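Okay, thanks for squeezing me in. Let me put the model up, and then we can walk through it together.

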Amino acid sequence: MTKVTLVTGDGIGPEIAEATRRCIDATGAGIEWEIAEAGVDVMEREGTPLPEKTLESIRTNGIALKAPITTPVGTGFRSINVHMRQEFGLYACLRPCKSYKGVRSRYSDIDLVVVRENTEDLYAGIEFEKGKAETLELIEWLNKHSKRPIRPNTGVSIKPISVEGTERIVKFAFEYARKMGRRKVTSVHKANIMKFSDGLWLEVSRDVAKRYPDIEFEDRIVDNMCMQLIQKPELYDVIVLPNLYGDILSDLCAGLVGGLGVAPGANIGENMAIFEATHGSAPKYAGQNKVNPTALILSGLLLLRHLGKMAEAEHLEKAVAAVIAEGKDVTYDMKPDRNDPTAVGTQEMADAIIRKIKAG
Ligand code: NAD
């Protein structure tokens, strides 16, 4: 048995976590689940939305499936999701975007993988507020050393991109491509404008690419990449990006395959991985057995692949694809009319997937 922490989350989290657990168990993957709580529901009891015993469970097992968690507003707690990524050094955000027949989308046959750097760039959280003494000091220093004056009334966000940070994420993209039998990696940047941050990213990307002669490499400027993804998505395969562009393009790619309901994800570090859907806790649907469990189930599929359980993963994917293609036992959001009375609930969609798994 492989021990995996199951963070049940809040809002719709517990329902989709249960649906996903049942589907994975039906594949016979031999997972022993260690249930752990996090989110606004445990805050009152534990005094924190992220109890130490939950962190400890993830730390010990090294792998978790995590349902969505609401970011508490006005409590002084920052995003639990960001906290977890930092705590465990989850530097890679993996977002496969694949078309499944039966999901409404303007595109078909999309099969892209977005690999986003998770720790650096403008999202590193190094910010200086307008008017603060340290900000004025920074501006004064910059005005002395740079030819382009900055107005005193300016807020500043810093964009660090390091050789080490770039090397490990680009290497991750190539290793993933090799492991999954994919043909090409595209590195995305704006090196023509930001020569010392994105320029470094591009230079390091090219260096790493030389170590993987079996996989094609190319680079694209981010604005051109957006247009290309809309016009010719079939030209791309694995796409590796710095944090900010990665955030934006992973949503763009999720849009190509039908949106949040079917967008799985993973945050991966050296010896640690947390698998989660792209969508949030949708609190207005909590406890109604109504929402679509697909994105978390597909995140579970990534977890199985990560554990090397390829046959079980394939079995699960085939079952999910078959249920979606039939379009009968699916949740309201997958029906052509969202008010379709034949839509089934979260657990009933999971039941249909389990029936397909059992039928082989
Ligand atoms: P959301 O993803 O929860 O909801 C956006 C829209 O998508 C809503 O209309 C919702 O009803 C719908 N939706 C989401 N998941 C669905 C599903 N499985 N099936 C059908 N419809 C679905 O985004 P939000 O409303 O901006 O965020 C709610 C909370 O979730 C916030 O506190 C946010 O911080 C948090 N959040 C958490 C995570 C995470 O845990 N990784 C990610 C994103 C947002």
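Let me start with a puzzle: which backbone nitrogen does the side chain of D237 reach? It is the one of K184, at 3.2 Å. That counts as a polar contact, meaning a pair of N or O atoms within 3.5 Å, where within protein one must be able to donate a hydrogen and the other to accept it, and residues adjacent in sequence count only if both atoms are side-chain atoms.

Quick housekeeping before I go on. This is a predicted model, so local features need pLDDT of at least 70 and side-chain atom pairs count only at pLDDT 80 or more, while totals for chains, interfaces and linings use all residues. Residues are numbered from 1 along each chain as its sequence is written, and side-chain values use heavy atoms, with hydrogens and water left out.

Back to D237. You'll find it in the loop between α8 (222-231) and β10 (238-241); helices here are DSSP runs of H or I with at least four residues, strands are runs of E with at least two, and both are numbered from the N terminus. D237 has a relative accessible area of 5%, so it is buried. The cut-offs are under 20% for buried, over 50% for exposed and partly exposed in between, with a 1.4 Å probe and protein chains only. Leaving out residues up to four places away in sequence, D237 touches D111, L112, V113, R182, R183 and K184, where contact means heavy atoms within 4.5 Å.

Now the ligand. How many residues surround it? There are 20, and the closest are I69, T71, G280, A282 and N292; to be near, a residue needs a heavy atom within 4 Å. The shell splits into 9 nonpolar, 8 polar and 3 charged residues. For those classes, Ala, Val, Leu, Ile, Met, Phe, Trp, Tyr, Cys and Pro are nonpolar, Asp, Glu, Lys and Arg are charged, and the others, Gly among them, are polar.

On the polar side, a backbone N or O atom of G280 sits 2.6 Å from a ligand oxygen, and a backbone N or O atom of A282 is 2.8 Å from an oxygen of the ligand. E276 uses its side chain: an N or O atom there is 3.0 Å from a ligand nitrogen. Taken alone the ligand exposes 810 Å², and the protein buries 67% of that, going by Shrake-Rupley areas with a 1.4 Å probe.

E276 takes us to the strands. In β12 (residues 273-277), E276 is the bridge partner of G265, which belongs to β11 (residues 264-268). These two strands run antiparallel with 5 bridges and make a hairpin with 4 residues in between; strands pair if DSSP finds at least two bridges between them. β4 (residues 92-98) is also antiparallel to β11, with 3 bridges, and L94 has A266 as its partner.

So β11 is mostly covered, with 5 of its 5 residues buried. Side chains in a regular strand alternate between the two faces of the sheet. Here P264, A266 and I268 point one way, and G265 and N267 the other.

Last stop, two positive phi values outside glycine. D109, in the loop between β4 and β5 (111-117), has phi near 60°, and at 72% relative accessibility it counts as exposed. N289, between β12 and α10, has phi near 50° and is partly exposed at 27%.
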